[in-house]
Structures are given as C-alpha cells and as structure tokens.
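Q: Please take a close look at one part of this model, the loop that carries a surface patch, and then follow the side-chain contacts outward from there. I would like one connected account, with the values and the reasons behind each label.

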Amino acid sequence: MNPTRALPQSKEALLKSYNSRLKGDVKSMLDNFEDIVKLCKTEHDIQISRMIQCELDAYEMQVRSANMVRAAESLLKLVSDIKQYLILNDFPSVNEAIMQNSKVFRAKQGECDQKLMNLRDDMAADVHDLEEDYYTSNYKC
C-alpha cells in the first residue's frame, strides 16, 4: 500500500512507514549481496556433479540479483514518494520562497521605477533645452 495515496495519516506514522520501507529494502539488498558472495565460495566435497552445482549457483545468483534490482527500484520509488510528499506538504518553505521572491521582485521594481523616473527627468530637461534652442533660433518656420 502506498502511504502517500492512503487516507491522511499523521506525519509520524508516515515517517515510520518510510523508515521501515527504507530499512527493509536496504536489508534485502545487503542480504542478497551477501548470499551472492557466499555462492562464490567453492566446496570440494560436494555430493552432486560440478555442472549441476554451477547451474544451481547461476540460477540462485539470477534470483538474488533480481531481488536486489527489485529492492533498488523500491528505494527509487521511496525517494520519489518522499520528494512528492515534501513538495506537496512543505508549506512553510514554499511560503518562505514566495516571500523571498516577492522581496526580490519588489526591490527590482523599485530600481526600475527609479531608473525610469531618472530617465523621464533627463528627457524632460533635454526636451526643454531643445525647445528653448528651437524657439530662440532663426530656423523656426
């Protein structure tokens, strides 16, 4: 059962669920890896033929490696679930990020407004100087 899609749970229960999934998957990977390493040990006094033992070992390695892949995929799913939970339920950090962006954009807006007002004042002074030169010149129509 997927804890993020179940009925609303308390945070503690959800964290315990994530923690138990993590421990279970890591333990599964470790146990299967240890068993694969144990298969590498050769036994000299075995009752079955060497070919049969090789086939049995190869089959067991395939099963154990498939179990490790399944546990790794489960860990990836767990990471995805945790990311989804944090994105959807981490309102304080989302609000903080929004407030931070808002402050930055308001500061930028203030800078732009100040630059526009300076530009307006400079243009007004230049237009005034041009008008004065025009009306006092001999070239007006």
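A: Ile48 sits in the loop that runs between helix 1 (11-39) and helix 2 (50-89). The model is a predicted one, and every value below is computed from it. With a relative accessibility of 35%, Ile48 is classed as partly exposed, because the partly exposed class lies between the buried limit of 20% and the exposed limit of 50%. Ile48 also belongs to a nonpolar patch on the surface, together with Ile52 and Leu56. The accessible area of these three residues together is about 250 Å². Patch members must have over 30% relative accessible area, and the 35% of Ile48 can be read against that cut-off.

The setting of this loop is a chain with three helices and zero strands. In sequence order the pattern reads α-α-α. The chain has 141 residues, of which 13% count as buried.

From the loop, the next topic is how helix 1 and helix 2 are connected by charged side chains. Across the whole structure, a search finds six salt bridges. One of the links is between Arg64 and Asp35, whose closest N and O atoms are 3.0 Å apart. Asp35 belongs to helix 1 and Arg64 to helix 2, so this salt bridge ties together parts separated by 29 residues in sequence. Neither partner is classed as buried: Arg64 has a relative accessible area of 22% and is partly exposed, and Asp35, at 21%, is partly exposed as well. Both values can be set against the buried class, which ends at 20%.

Arg64 has a further salt-bridge partner in Glu60, and here the closest N and O atoms are 3.4 Å apart. This contact stays within helix 2, where Arg64 and Glu60 are four residues apart and therefore separated by about one helical turn. Glu60 has 28% relative accessibility, so it counts as partly exposed. Arg64 thus takes part in a salt bridge to Asp35 and in another to Glu60.

Further along helix 2, the side chains of Lys77 and Asp81 form a salt bridge with an N to O distance of 2.9 Å. Lys77 and Asp81 are four residues apart in helix 2, so about one helical turn lies between them. The labels of the two partners are unlike. Lys77 has a relative accessible area of 36% and is partly exposed, whereas Asp81 has 1% relative accessibility and therefore counts as buried.

Asp81, itself in helix 2, has another contact to describe. Its side chain makes a polar contact with the side chain of Arg21, at 3.2 Å. Arg21, Lys77 and Asp81 are linked in a network of salt bridges. In that network, the residue Asp81 is a buried one, at 1% relative accessibility.

Aromatic side chains add to the account of helix 1 and helix 2. The structure holds two aromatic pairs. In one of them, Tyr18 and Tyr85 meet edge-to-face, with 6.4 Å from centre to centre and 75° between the planes. Tyr18 lies in helix 1 and Tyr85 in helix 2, and the pair links distant parts of the chain that are 67 residues apart. Tyr18 is buried at 5% relative accessibility, and Tyr85 is also buried, at 18%. Another aromatic pair is formed by Tyr134 and Tyr135, again edge-to-face, with 5.2 Å between centres and 70° between the planes. Here the labels are not those of buried residues: Tyr134 counts as partly exposed at 40% relative accessibility, and Tyr135 counts as exposed at 54%.

A last point concerns cysteines. The structure holds zero disulfides. Cys40 has 55% relative accessibility, so it counts as exposed, and Cys112, at 44%, counts as partly exposed.

To return to the loop: Ile48 lies between helix 1 and helix 2 and shares its nonpolar surface patch with Ile52 and Leu56. The flanking helices are joined by the salt bridge between Arg64 and Asp35 and by the aromatic pair of Tyr18 and Tyr85.

Definitions and conventions. Residues are numbered from 1 along each chain as its sequence is written. This is a predicted model: local features need pLDDT of at least 70, side-chain atom pairs count only at pLDDT 80 or more; totals for chains, interfaces and linings use all residues. Side-chain values use heavy atoms; hydrogens and water are left out. Patches are made of residues with over 30% relative accessible area and no salt bridge: like charges are joined within 9 Å, nonpolar side chains (Val, Leu, Ile, Met, Phe, Trp, Tyr) within 5 Å. Accessible areas come from the Shrake-Rupley method with a 1.4 Å probe; for residues, only the protein chains shown count as cover. A salt bridge is a side-chain nitrogen of Lys or Arg within 4 Å of a carboxyl oxygen of Asp or Glu. Helices (H or I, at least four residues) and strands (E, at least two) are DSSP runs, numbered from the N terminus. Buried means under 20% relative accessible area, exposed over 50%, partly exposed in between (1.4 Å probe, protein chains only). A disulfide is a pair of cysteine sulfur atoms within 2.5 Å. Rings of Phe, Tyr and Trp (its six-membered ring) pair if their centres lie within 6.5 Å; planes under 30 degrees apart count as stacked, over 60 as edge-to-face and the rest as tilted. A polar contact is a pair of N or O atoms within 3.5 Å; within protein, one must be able to donate a hydrogen and the other to accept it, and residues adjacent in sequence count only if both atoms are side-chain atoms.
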